Amino acid sequence: SLISNGAVLKSSKTAFMILPDANNTSISGFDIRISDINGTGIYVNASGCRITDNKITGGNIGIATDDFAKNVSGEIIIRVINNTLIVRNNITGLNGAGISINTYNPIVSRNRVTNIVNTRENGTAIGIKVNGIGIVSDDLTVSVTDNYVSNVKSLKDSAYGLDIGANSIFDTLTGLDVGGNVVKNILAAVEAYGVYVDVFSLNTTLPTIDVSDLDVSKISTSSNANAS
């Protein structure tokens, strides 16, 4: 566990890199400042990690995980990162995404993500992206609740306040909760979404999807034709 009382940590690229064998790592209470536009605040590549009460400013992605599948010299390598907890982080002033994770049984709650502005060609801006990947024989739940997301802009492509996926392949999708989120001021040149939910279940009946108590406002594109 790395626990701080607001210590400032400056980094050009990645402030914290949690390696694959560092399961159950906790990072809490840091003031992380990233100077490189391609940098990442906290990169999670292990299971059971808790990322709480941090402030992250600058860079491309505030909190990220590794891809669950990679092509390594022609061989597809699949890794399952599970039980990731991301709570009460304040993330602002980035150009890609505040939070972007692929994980099994994620919990993302009470985070504040603001001022995500992407100026790149084909550059998507995302407040919070959570992809729940069910590739083991167990129950899958995805919980993204009570977050505050505002001022997400893509000047040349698409923008999402929340982009939530639940993909049940070898398991049972038992719960998907995206309730209680506040999403405001999402602006894009091509397509703009307040809350985008994409659910896939190969072998099971879909559960109840909770989208209650959402506060979504001011979603717009240059023509408003592709704003949802």
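Visitor: Is R88 buried, partly exposed or exposed, and what is its relative accessible area?

Guide: Welcome! This is a predicted model, so let us read it with that in mind. R88 has a relative accessible area of 37%, so it is partly exposed, as the class runs between 20% and 50%. You will find R88 in the loop between β12 (85–87) and β13.

Visitor: What is the phi of R88 near?

Guide: Here is the general idea. Most residues other than glycine have a negative phi. In this model the phi of R88 is near 60°, a positive value in a residue that is not glycine.

Visitor: Which residue in the loop between β14 (97–103) and β15 could I look at next?

Guide: Try N105, which is found in that loop. N105 is not a glycine, yet its phi is positive, about 60°. With a relative accessible area of 16%, N105 is buried, whereas R88 is partly exposed.

Visitor: Now the strands. In what order do the eight strands of the open sheet come?

Guide: Generally, strands of a sheet pair through backbone hydrogen bonds, either parallel or antiparallel. Here the order is β1-β4-β7-β12-β15-β18-β21-β24, and the pairing is parallel. At the edges are β1 (2–3) and β24 (209–210), each of which pairs on one side only.

Visitor: How many bridges join strand β15 to β18?

Guide: Three bridges join strand β15 (residues 107–109) to β18, and the two run parallel. To trace the register, place I107 opposite S143 in β18, then S109 opposite T145 in β18. Strand β18 also pairs with strand β21 (residues 172–177), in the parallel sense and over five bridges. On that side, D139 stands opposite T172 in β21.

Visitor: How many residues of strand β18 are buried?

Guide: Five of the seven residues of strand β18 (residues 139–145) are buried, so the strand is largely enclosed by the rest of the structure.

Visitor: How many aromatic pairs does a search of the whole structure find?

Guide: The search finds four. To classify a pair, look at the angle between the ring planes: under 30 degrees counts as stacked, and over 60 as edge-to-face. Take Y160 and Y193: their ring centres are 4.9 Å apart and their planes are at 15°, so this pair is stacked. Y160 belongs to strand β20 (residues 159–168) and Y193 to strand β23 (residues 192–201), so the pair ties together parts that are 33 residues apart in sequence. Both Y160 and Y193 are buried.

Visitor: Is the pair of Y193 and Y196 stacked or edge-to-face?

Guide: For Y193 and Y196 the planes are at 70° and the ring centres 5.1 Å apart, so the pair is edge-to-face. Ring pairs thus link Y160, Y193 and Y196 into a cluster. Within that cluster, Y193 is buried at 16% relative accessible area, while Y196 counts as partly exposed at 31% relative accessibility.

Visitor: One last stop, T92. Which side chain does a polar contact of 3.4 Å join to that of T92?

Guide: The partner is N115, whose side chain is joined to that of T92 by this 3.4 Å polar contact. T92 lies in strand β13 (residues 90–94) and counts as buried, at 17% relative accessibility. Setting aside neighbours within four places in sequence, T92 is in contact with I56, T57, G58, T114 and N115.

Terms used
Residues are numbered from 1 along each chain as its sequence is written. This is a predicted model: local features need pLDDT of at least 70, side-chain atom pairs count only at pLDDT 80 or more; totals for chains, interfaces and linings use all residues. Side-chain values use heavy atoms; hydrogens and water are left out. Rings of Phe, Tyr and Trp (its six-membered ring) pair if their centres lie within 6.5 Å; planes under 30 degrees apart count as stacked, over 60 as edge-to-face and the rest as tilted. Helices (H or I, at least four residues) and strands (E, at least two) are DSSP runs, numbered from the N terminus. Buried means under 20% relative accessible area, exposed over 50%, partly exposed in between (1.4 Å probe, protein chains only). A polar contact is a pair of N or O atoms within 3.5 Å; within protein, one must be able to donate a hydrogen and the other to accept it, and residues adjacent in sequence count only if both atoms are side-chain atoms. Contact means heavy atoms within 4.5 Å. Two strands pair if DSSP finds at least two bridges between them.
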